[in-house]
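The following exercises are intended to be worked through with the sequence and the model in view. Each task is followed by a solution in steps.

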Amino acid sequence: MDESLALLALADRMLWITALVAAPVLFASLAVGLVVGLVQAATSVNEQTLTFVPKLAVTALVLVIFGASMMALVGDFTEQIFAEIAQVSR
């Protein structure tokens, strides 16, 4: 029973880390897509690259700004997983 609780706690932490890492990129892309969509609707310009290029630029900018903290989260979680694996194998 204790192993299943530990596994569920690990899965819960994994999902939270995934959400924390993906959220800045997804929210920034969503905001830019909404703004560009509103501009396209107001001007009746339906160009596919007009939505893709700003989203790509904002995604790159968010990764440059938040990339270090995202990788720190993933690295800390990886260290915790390996520490738990070593503890279980004893």
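**Exercise 1. A charged pair**

Which two side chains meet in a salt bridge?

Solution. The model under study is a predicted one.
- Step 1. The structure holds one salt bridge.
- Step 2. Its partners are the side chains of arginine 13 and glutamate 84, at 2.5 Å from N to O. A salt bridge requires a side-chain nitrogen of Lys or Arg within 4 Å of a carboxyl oxygen of Asp or Glu, so the pair qualifies.
- Step 3. Arginine 13 belongs to helix H1 and glutamate 84 to helix H2; with their positions 71 residues apart, the pair links distant parts of the chain.
- Step 4. In general, side chains of opposite charge can pair when their charged atoms come close.
- Step 5. Arginine 13 has a relative accessible area of 30% and is therefore partly exposed. Glutamate 84 is partly exposed as well, because its value is 28%.

**Exercise 2. The largest pocket**

Determine the volume of the largest pocket and identify the residues that line the pocket.

Solution.
- Step 1. The principle is that rolling a probe the size of a water molecule over the atoms shows where empty space is left.
- Step 2. The space in the largest pocket amounts to about 250 Å³.
- Step 3. The lining consists of Asp2, Glu3, Ala6, Leu7, Leu10, Ile81, Glu84, Ile85, Gln87 and Val88.
- Step 4. H1 and H2 are the elements that give two or more residues to this lining.
- Step 5. Glu84 appears in the lining, and glutamate 84 is also a partner in the salt bridge with arginine 13.

**Exercise 3. Three residues compared with the cut-off for burial**

Decide whether isoleucine 17, glutamine 40 and methionine 70 are buried or exposed, and list their contacts beyond four places in sequence.

Solution.
- Step 1. The term "buried" applies under 20% relative accessible area.
- Step 2. Isoleucine 17 lies in helix H1, which covers residues 2-43. Its relative accessible area is 16%, so isoleucine 17 is buried. Residues up to four places away being set aside, isoleucine 17 touches Leu73 and Phe77.
- Step 3. Glutamine 40 is also found in helix H1. With a relative accessible area of 12%, glutamine 40 is therefore buried. On the same counting of neighbours, glutamine 40 touches Val45, Asn46, Glu47, Leu50 and Thr51.
- Step 4. Methionine 70 is part of helix H2. A relative accessible area of 7% means that methionine 70 is buried. Apart from neighbours within four places in sequence, methionine 70 is in contact with Val21, Pro24, Val25 and Leu63.
- Step 5. Two distances complete the picture. The C-alpha atoms of isoleucine 17 and proline 54 are separated by 27 Å, the residues being 37 apart along the chain. Methionine 70 and valine 88 are 18 residues apart along the chain, and their C-alpha atoms are separated by 27 Å.

**Exercise 4. A nonpolar patch on the surface**

Which residues make the nonpolar surface patch, and which helix gives the most to the patch?

Solution.
- Step 1. The patch is made by Leu20, Met71, Leu73 and Val74 and has an area of about 330 Å².
- Step 2. Helix H2, residues 48-88, gives the most, with three residues.
- Step 3. Methionine 71 is found in helix H2. Its relative accessible area is 56%, so methionine 71 is exposed.

**Exercise 5. Outside the helices**

Where do serine 44 and arginine 90 lie, and how accessible is each residue?

Solution.
- Step 1. Serine 44 is located in the loop between H1 and H2. Although serine 44 is not a glycine, its phi is positive, at about 60°.
- Step 2. Serine 44 is exposed because its relative accessible area is 62%.
- Step 3. Arginine 90 is placed in the segment after H2. Its relative accessibility is 84%, so arginine 90 counts as exposed.
- Step 4. From C-alpha to C-alpha, arginine 90 and alanine 9 are 20 Å apart in space, while in sequence they are 81 residues apart.

How values were computed:
Residues numbered from 1 in each chain as written. Predicted model: local features only at pLDDT ≥ 70, side-chain atom pairs only at ≥ 80, totals over all residues. Heavy atoms only, no water. Patch = residues over 30% accessible without salt bridge, like charges linked within 9 Å, V, L, I, M, F, W, Y side chains within 5 Å. Areas by Shrake-Rupley, 256 points an atom, 1.4 Å probe, with all protein chains shown as cover. Helix = DSSP H or I, 4+ residues; strand = E, 2+ residues; numbered from the N terminus. Buried < 20%, exposed > 50% of the residue type's maximum accessible area, 1.4 Å probe, protein only. Contact = heavy atoms within 4.5 Å. 1 Å grid on protein atoms, 1.4 Å probe; cavity = no way out; pocket = protein on both sides within 12 Å on 5 of 7 lines; lining within 4 Å. Points joined across faces, edges and corners; volume = space filled by probe spheres on them.
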